[in-house]
Amino acid sequence: MPSPRLLSPALLTLAAAAFAIGTAEFVIMGLLPLIAADLRVDLPSAGYLVSGYALGVVAGGPLLAGLMARLEEKRALSGLMLIFIVGNLACLLAPGLWSLLLARIFTAFCHASLIGAAAVMAARLAPAGMAGRAMALMFSGMTLANVLGVPAGTLIGQWAGWRASFAAVAALGFITLLLIRALLPTHTGDRTDGKPQAHLPGRVWPALLASVLAAASMFAFFTYLLPTLSQVSGLPPEQSSAALLLCGVGLVAGGWIGGRLADGQLDKALLLTLALLCASLIAFCLLAARLPFALALMTLWGALAFALCMLLQTLAIRLAGDAAVQASAFNVGAFNLGNALGAWLAGILLSHGGVLEQTSLLAAGLAGLALPLASLALASAAKPNSACMRA
């Protein structure tokens, strides 16, 4: 559980913003059959709404991060949430698939910058020595979106039509906007309207590439996790939801563990987490046919994977110095790029004769490739002349 010192109205508001963003991103998974039937398109065509959003996140981070970094934080978050609300209202009113796709891409533009700016603000608002845990609290909103927001949005869509789900998400965004205006403090430091921000330093790029590979590893494994548990481990279909809940427990625990580790010895924690992640994925491949071991390793993997996300986000912010907001937004975009890459590579593996349990070996290899990049980034962070912000 988070420390009571972290449960301030401002930090909870940032978690609410992450919850809204996460719900908007992932609720589409449960709505695809409804949208395909209503708009009279096939399911693969409706699937463009998923990949289109991810590409919008990747493109929106660089496009908006520099602009939003010039604004006072509260004003920047308010503007990004307005984009979010307008985008979801456009989804609600879209007459066809391609207009809906454009509305989803427009909505996604705010994703990386909003989450990135919220992470930096959470670190700044945290009590001394608790910046990593404050960011973990903010990112827990994304995790809760998968546990609560997505099922609720799907139920609304099944009951009142898919457009009602986008109306509910827009309403959620409006409530979050009111909370931002009412509860977030106005920063009176060096960031003022129109003031240019520092360029993203070159030392940040190895950390960003490590984030791409870490996310690719995560989704190479996660995309085909349920089919693996069902067809290889022998998980009964009626227990699928329970297995996903167990995995969610691991993800939530990993967020808090990663936040605490980020407040300590980041270098040792990051390298050890990557090594343990690779080991857990290899073990999963070897023991996938034994259901109890597969479930235990899946839960361990969830904790390690989300802890790694927190550690890499913290590293990117530390390396960026005055360009922390840009680095944080770019890192969120890097994770989304990795999401698409990992699922694509796993699909290629399976289409060329690979078996389901081998997706965990692919994931282990991708995580292993992140190790030298993380080491390079940590070496840059350790240099005395590195102007890294407190996180």
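**Reading burial, packing and helix crossing**

Mentor: Let us open with phenylalanine 109, which is partly exposed at a relative accessible area of 26%. Please keep in mind throughout that the model is predicted.

Trainee: How is that value to be read, and why is phenylalanine 109 not counted as buried or exposed?

Mentor: Buried requires a relative accessible area under 20%, and exposed requires one over 50%. Phenylalanine 109, at 26%, therefore falls in between. This residue belongs to helix H6, residues 97-125. Beyond its neighbours up to four places away in sequence, it touches Gly56, Ala59, Gly60, Leu63 and Leu64. Its C-alpha atom is separated by 19 Å from that of methionine 121, twelve residues apart along the chain.

Trainee: Where do nonpolar side chains tend to be found in soluble globular proteins?

Mentor: As a general tendency in such proteins, they are buried together. In this model, the largest nonpolar core has 58 residues. Leu229, Leu270, Leu277, Phe284, Trp301 and Leu315 have the most contacts inside it.

Trainee: Which helices supply at least two residues of this core?

Mentor: They are H9 (205-222), H10 (225-231), H11 (240-262), H12 (266-287), H13 (291-320), H14 (324-351) and H15 (358-382). The largest share, 17 residues, comes from H13. A second core, of 47 residues, is separate, and Leu64, Ile85, Ala131 and Met135 are among its members.

Trainee: What does phenylalanine 284 touch, once residues up to four places away in sequence are set aside?

Mentor: Its partners are Phe221, Leu225, Thr228, Leu229, Ala294, Leu297, Met298 and Ser360.

Trainee: How is the packing of one helix on another described, and at what angle do H9 and H14 cross?

Mentor: One considers the axes, the hand of the crossing and the residues in contact. The axes of H9 and H14 come within 6 Å and cross at roughly 40 degrees, and the crossing is right-handed. On the H9 side, the residues making the contact include Trp205, Leu208, Val212 and Phe219. On the H14 side, they include Phe330, Phe335, Leu337 and Leu341.

Trainee: How many nonpolar, polar and charged residues does this contact have?

Mentor: The contact of H9 with H14 has 16 nonpolar, five polar and no charged residues.

Trainee: Leucine 341 lies in H14. Is it buried, partly exposed or exposed?

Mentor: Leucine 341 is partly exposed, because its relative accessible area of 28% lies between the two limits. Leaving out residues up to four places away in sequence, it touches Val212 and Ala216. Alanine 145 is 196 residues from leucine 341 along the chain, and their C-alpha atoms are separated by 23 Å.

Trainee: H14 also holds asparagine 336. Is that residue buried or exposed?

Mentor: Asparagine 336 is buried, since its relative accessible area is 6%. A polar atom of its side chain lies 3.0 Å from the backbone oxygen of valine 332. Apart from neighbours within four places in sequence, asparagine 336 is in contact with Glu25, Ala54, Val57, Val58 and His111.

Trainee: Finally, a point of backbone geometry: what is phi of arginine 40, and where does this residue lie?

Mentor: Phi is near 60 degrees, a positive value in a residue other than glycine. Arginine 40 lies in the loop between helix H2 (28-39) and helix H3 (43-46). Because its relative accessibility is 79%, arginine 40 counts as exposed.

Definitions and conventions
Residues numbered from 1 in each chain as written. Predicted model: local features only at pLDDT ≥ 70, side-chain atom pairs only at ≥ 80, totals over all residues. Heavy atoms only, no water. Core = buried A, V, L, I, M, F, W, Y, C linked by side-chain atoms within 4.5 Å. Buried < 20%, exposed > 50% of the residue type's maximum accessible area, 1.4 Å probe, protein only. Helix = DSSP H or I, 4+ residues; strand = E, 2+ residues; numbered from the N terminus. Contact = heavy atoms within 4.5 Å. Axes fitted to C-alpha atoms, helices over the stretch in contact; angles between N-to-C directions. Left-handed = near helix turned anticlockwise from the far one by under 90°. Nonpolar A, V, L, I, M, F, W, Y, C, P; charged D, E, K, R; others polar. Polar contact = N/O pair within 3.5 Å; in protein donor to acceptor, adjacent residues only side chain to side chain.
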